[in-house]
Each structure stands twice: as structure tokens, then as C-alpha cells.
Amino acid sequence: MKKLPMILLLIAPYAIYFLCDRANMDFAIGLCIYGFILIFNMIYAFFMPKLAFNGKQLLFWNLLIKLCHIPLVVIILLTVLLTSLIGGEAMRDAVPSMILFTFAGCYMLQLSSAMFGISGFLWLRKNHRLTRKDVAVCTAAQLIPIADILGSVVCYFMFRKHGQTFEKAKPDFDDD
């Protein structure tokens, strides 16, 4: 049940698009719903350590969400490109604002998943696995477009052993 908001974040854009398309609904309603889901998950990412998520899990969700957002970002960018090209001379005045809103939307997607990474870095800092400088550098990497995906992959694999809890494994002597 604790993972439901992240799973919803993964499937929401595709489900909302499918629902709006099939029901002939206005996409503005779907965008508002998805925006609410993004904002909720940005806040929820910082409550996850209190729900017993460790650094490794937070960095995993950061990576997974970023990878699942790649097709969505590509679709958004291609839609704006094709709209701009097909509109031609009639779209000349609207293209700069379309590009601005497109990049703002894509950055909102990036920011929503970056919060999971930042929360993971803060968990690692709290458990003395990262210095303040490391947290600052890793956080900055999460906020730079395109570098965030590569940074998420590197951070997950670099910190996957450090992100686990410090409890020692109990030996298995249950062979009685």
C-alpha cells in the first residue's frame, strides 16, 4: 500500500491519456489530474523515509520513475515539434510560448521524480553515508535535464549497498 503513489505516478500519464482519448474528454482535465498526482508525489517522497523506506529504495524509485517518463517526454516533444511544423506560418507567434510551456511541463516531470532522489540523498546523509558536499552535488545533478537520468543510474548503482539498513543479518539456524 505504501508503494501505491509511486505506481500511480508510473502509469498515470498513460492511463489518463487513454481515458481522455477514449472518452473524448478535454485533455485539460487530464493534465490537471496528472499535475495533482505529480505534486502529491513530490511531497510524498519526503515522507517515505518515515514509512521505513531506505536510501536504496528511494534511489530505485527515482531511477524507475525517470526511466518511465522518457517515453512521455519524447511524445510531448514530438507533439510540439510536429504541431509547430504543420502549423507553419500560422503558428509563428504561438511557437515560442508552446516551447516554453513544453519545457516547463517536461521539467515538472523531471522535478517530480528528482524529489525521490533528493529524499534518498538526505536519507544517506542522515545515516552518515554522504557528506553535505556530496548531497549538494548529487542534488544539482538531479535538477539538470538529461544529466538527471545518467545521474540517477550512477547514483543508484553507486549507493545501492549504502542505502540499506544497518541491521546485521541474522544467521539461519532454523535447520532443526
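The largest pocket of this predicted model has a volume of about 790 Å³. Its lining comprises 22 residues, and those closest to the centre are Phe 27, Leu 31, Tyr 34, Leu 72 and Ile 76. Four helices give two or more residues each to this lining: H1 (4-22), H2 (27-47), H3 (55-87) and H4. The greatest contribution is that of H4, with seven residues. In terms of class, 17 of the lining residues are nonpolar and five are polar, while charged residues are absent.

The second largest pocket has a volume of about 390 Å³. Here 16 residues form the lining, and Val 73, Cys 106, Gln 110, Pro 145 and Ile 146 lie nearest the centre. At least two lining residues come from each of H3, H4 and helix H6 (147-159). This lining divides into 11 nonpolar, three polar and two charged residues, whereas the lining of the largest pocket has no charged residues.

H4 supplies residues to the lining of the largest pocket and also to that of the second largest pocket. The helix covers residues 95-126, 32 residues in total. At 1.5 Å a residue, a helix of this length should span 46 Å, and the end C-alpha atoms of H4 are 45 Å apart, so the expected and modelled spans agree. H4 nevertheless has a bend of about 25°, located at Ala 114. Just after the helix, the backbone at His 128 adopts a positive phi of about 60°.

Technical notes. Residues numbered from 1 in each chain as written. Predicted model: local features only at pLDDT ≥ 70, side-chain atom pairs only at ≥ 80, totals over all residues. Heavy atoms only, no water. Expected span 1.5 Å × (residues − 1). Bend = angle between axes of the 7 residues up to and from the residue. 1 Å grid on protein atoms, 1.4 Å probe; cavity = no way out; pocket = protein on both sides within 12 Å on 5 of 7 lines; lining within 4 Å. Points joined across faces, edges and corners; volume = space filled by probe spheres on them. Nonpolar A, V, L, I, M, F, W, Y, C, P; charged D, E, K, R; others polar.
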